[in-house]
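Here is a short walk through one protein model. Keep the structure in view and find each residue as it comes up.

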Amino acid sequence: MSLSNPWFIAAVLGVLGVFHLEIIATFLNLAQFRHALPQRLKAIFSEETVQKAGEYAGKSSQLDLLRSTFTVGALVLFWWSGGFDWLQRWSASWGLNAVQTGVGVIGLLMLVQNILSLPFDAYDTFKIEAEYGFNRTTVSTFISDRLKGLLLTALLGGPLLALILWFFQTQVHAVLYTWLTVAGFSIVMAWLSPRLLMPLFLKFKPLADGPLREALLALAARLKFPVVDVSVVDGSRRSSKANAFLSGFGKNKRIALFDTLIEKHSQEELEAILAHEIGHHKCRHVPQQLILGLLESGLMFYLLHAALQSPAFFQAFGVTGQPLGLGLVLFSILYQPASLLLGLVSSALSRRHEFQADAFARAACGNTPLIAGLQKLSLDHLTHPNPHTLTVWLHYSHPPIGQRLAALEA
């Protein structure tokens, strides 16, 4: 490690720069609670609700700050004490080939990361979320979810990771082959996830025959959106927060509504929420986001290839040699600022798409039910009524509630 090494400088500035930017954004966002709300929002958020939302945001932010401080501190300590070079020398003694060693190193580090984050996740779920009436997750469900997640990561991610490492180990055009493989894997998972993976965590059952089912199917038919099934998801087993989503391709679309959403919203509001989700498909938002994601992954693999070819890149982390698997881990650290910048573009596009989907739903169902549904969702989730612009840029895939209402009422 040397100050004359540009990879080292970039890594230090990236890790510490992103960390401090997040701190600044957090404090600016919390300070927004001291400002008076626009008149439109005062009619929705009472002083008591704003105070409660501020307390909830404050406690969540304190935990996030503690988590990120611990994570960055542990990373820098491990890095600057020669931990990565020790890991390289230890993994080399396993007697495995480069691909097997790489999968083992990455799997080990992911396991350690999950273990270290477990106390923060548990405190968030069973203390903060429970204190504000959101958590309904039992300890057994909490543990089961994480074990299932680790198992799926090993079964699905392990072979994919091995193939990626093999490409970079043996193929001249590794960037192209890796990009095509990841693109294909993403498309397959988009089809497979709601059918095989999500049911491992959530229970889906058909929505019972009745006025609501008939109304939703009639709306889908009126909007020329083919639907083969309407399901109810037992989201209430984990949280009181509500959600809805659409899945499937072509003529095999499926509607999924969380039971908490059905409990808290009228039939007209549910129709408007469904129309919003249909609007995403009608406006071709899904392929746009997919294309943007593929372009970003192509850039990422190109930069990864450049890093893996540079001895100075490994030297920036105190590593001797050019170990393939560890190189992917080190690159993920270096890539943070680029990921943040590209995320700004993705989030901005996503917020634009939300406005368009709202406009589609307004044309399909009118203003009143959609506005009422959005207001209820914001209140039920204790959403920040007026977040700071920097936080919106960095983290909001949906526009703040005030902007959405203003656009609908325009």
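The paragraphs below go from the surface to ring contacts, then to charges, and end with one helix.

Keep in mind that this is a predicted model.

Start on the surface. A nonpolar patch is formed there by Leu111, Ile115, Phe126, Val139, Ile143, Leu147 and Leu150. Together these residues have about 610 Å² of accessible area. Which elements give two or more residues to the nonpolar patch? They are α5 (98–131) and α6 (139–170). Helix α6 gives the most, with four residues. Pick out Ile143, a patch residue that sits in helix α6. Its relative accessibility is 45%. Ile143 is therefore partly exposed, since that class runs between the 20% limit for buried and the 50% limit for exposed.

Turn now to the aromatic rings. A pair of aromatic rings is described by two things, the distance of the centres and the angle of the planes. The model has 17 aromatic pairs. One of them joins Phe70 and Phe120. Their centres lie 5.8 Å apart, and the planes meet at 45 degrees. This pair is tilted. It links distant parts of the chain, with Phe70 in helix α3 (residues 47–80) and Phe120 in helix α5. The two residues are 50 apart along the chain. Are these partners buried or partly exposed? Phe70 is partly exposed, because its relative accessibility is 37%. Phe120 has a relative accessible area of 12%, so Phe120 is buried.

Another pair joins Phe167 and Tyr177. Here the ring centres are 5.7 Å apart. The planes stand at 45 degrees, which lies between the limits of 30 degrees for stacked and 60 degrees for edge-to-face, so the pair is tilted. Phe167 belongs to helix α6, and Tyr177 to helix α7 (residues 174–197). Ten residues separate them, and the pair counts as a link between distant parts of the chain. Phe167 is buried, because its relative accessible area is 10%. Tyr177 is partly exposed, with a value of 32%.

Rings also gather in a group. Ring pairs join Trp7, Phe8, Phe78, Trp79, Trp80, Phe84, Phe313, Phe314 and Phe317 into a cluster. Other rings have a charge over the face. Arg146 lies over the face of Phe142, 3.7 Å from the ring centre. Lys241 takes such a place over Phe134, at 4.6 Å from the ring centre.

Next come the charged pairs. How many salt bridges does the structure hold? There are eleven. One of the bridges joins Lys59 and Glu131, whose closest N and O atoms are 2.4 Å apart. Lys59 is in helix α3 and Glu131 is in helix α5, so the pair links distant parts of the chain, 72 residues apart. Lys59 is partly exposed, because its relative accessibility is 32%. Glu131 is partly exposed too, with a relative accessible area of 41%.

A further bridge joins Lys376 and Glu269. The closest N and O atoms are 3.1 Å apart. Lys376 lies in helix α15 (residues 367–380), and Glu269 lies in helix α10 (residues 267–282). The two residues are 107 apart along the chain. Lys376 has 31% relative accessibility, so Lys376 counts as partly exposed. Glu269 is buried, because its relative accessibility is 8%.

Now find Glu354 and Arg404. Their side chains meet in a salt bridge, 3.9 Å from N to O. Glu354 sits in helix α14 (residues 336–365), and Arg404 sits in helix α17 (residues 401–409). These two residues are 50 apart. Both Glu354 and Arg404 are buried. Asp358 joins them in a network of salt bridges.

Finish with helix α11 (residues 285–308). This helix has 24 residues and reaches 34 Å from its first C-alpha to its last. That is close to the 34 Å expected at 1.5 Å a residue. Which residues are buried in α11? They are His285, Leu294, Ser297, Gly298, Phe301, Leu304, Ala307 and Leu308. An α-helix has 3.6 residues a turn, so residues three or four places apart point the same way.

Definitions and conventions
Residues are numbered from 1 along each chain as its sequence is written. This is a predicted model: local features need pLDDT of at least 70, side-chain atom pairs count only at pLDDT 80 or more; totals for chains, interfaces and linings use all residues. Side-chain values use heavy atoms; hydrogens and water are left out. Patches are made of residues with over 30% relative accessible area and no salt bridge: like charges are joined within 9 Å, nonpolar side chains (Val, Leu, Ile, Met, Phe, Trp, Tyr) within 5 Å. Accessible areas come from the Shrake-Rupley method with a 1.4 Å probe; for residues, only the protein chains shown count as cover. A salt bridge is a side-chain nitrogen of Lys or Arg within 4 Å of a carboxyl oxygen of Asp or Glu. Buried means under 20% relative accessible area, exposed over 50%, partly exposed in between (1.4 Å probe, protein chains only). Rings of Phe, Tyr and Trp (its six-membered ring) pair if their centres lie within 6.5 Å; planes under 30 degrees apart count as stacked, over 60 as edge-to-face and the rest as tilted. A charge sits over a ring if NZ of Lys or CZ of Arg is within 6 Å of the ring centre and within 35 degrees of the ring normal. The expected span of a helix is 1.5 Å times one less than its number of residues.
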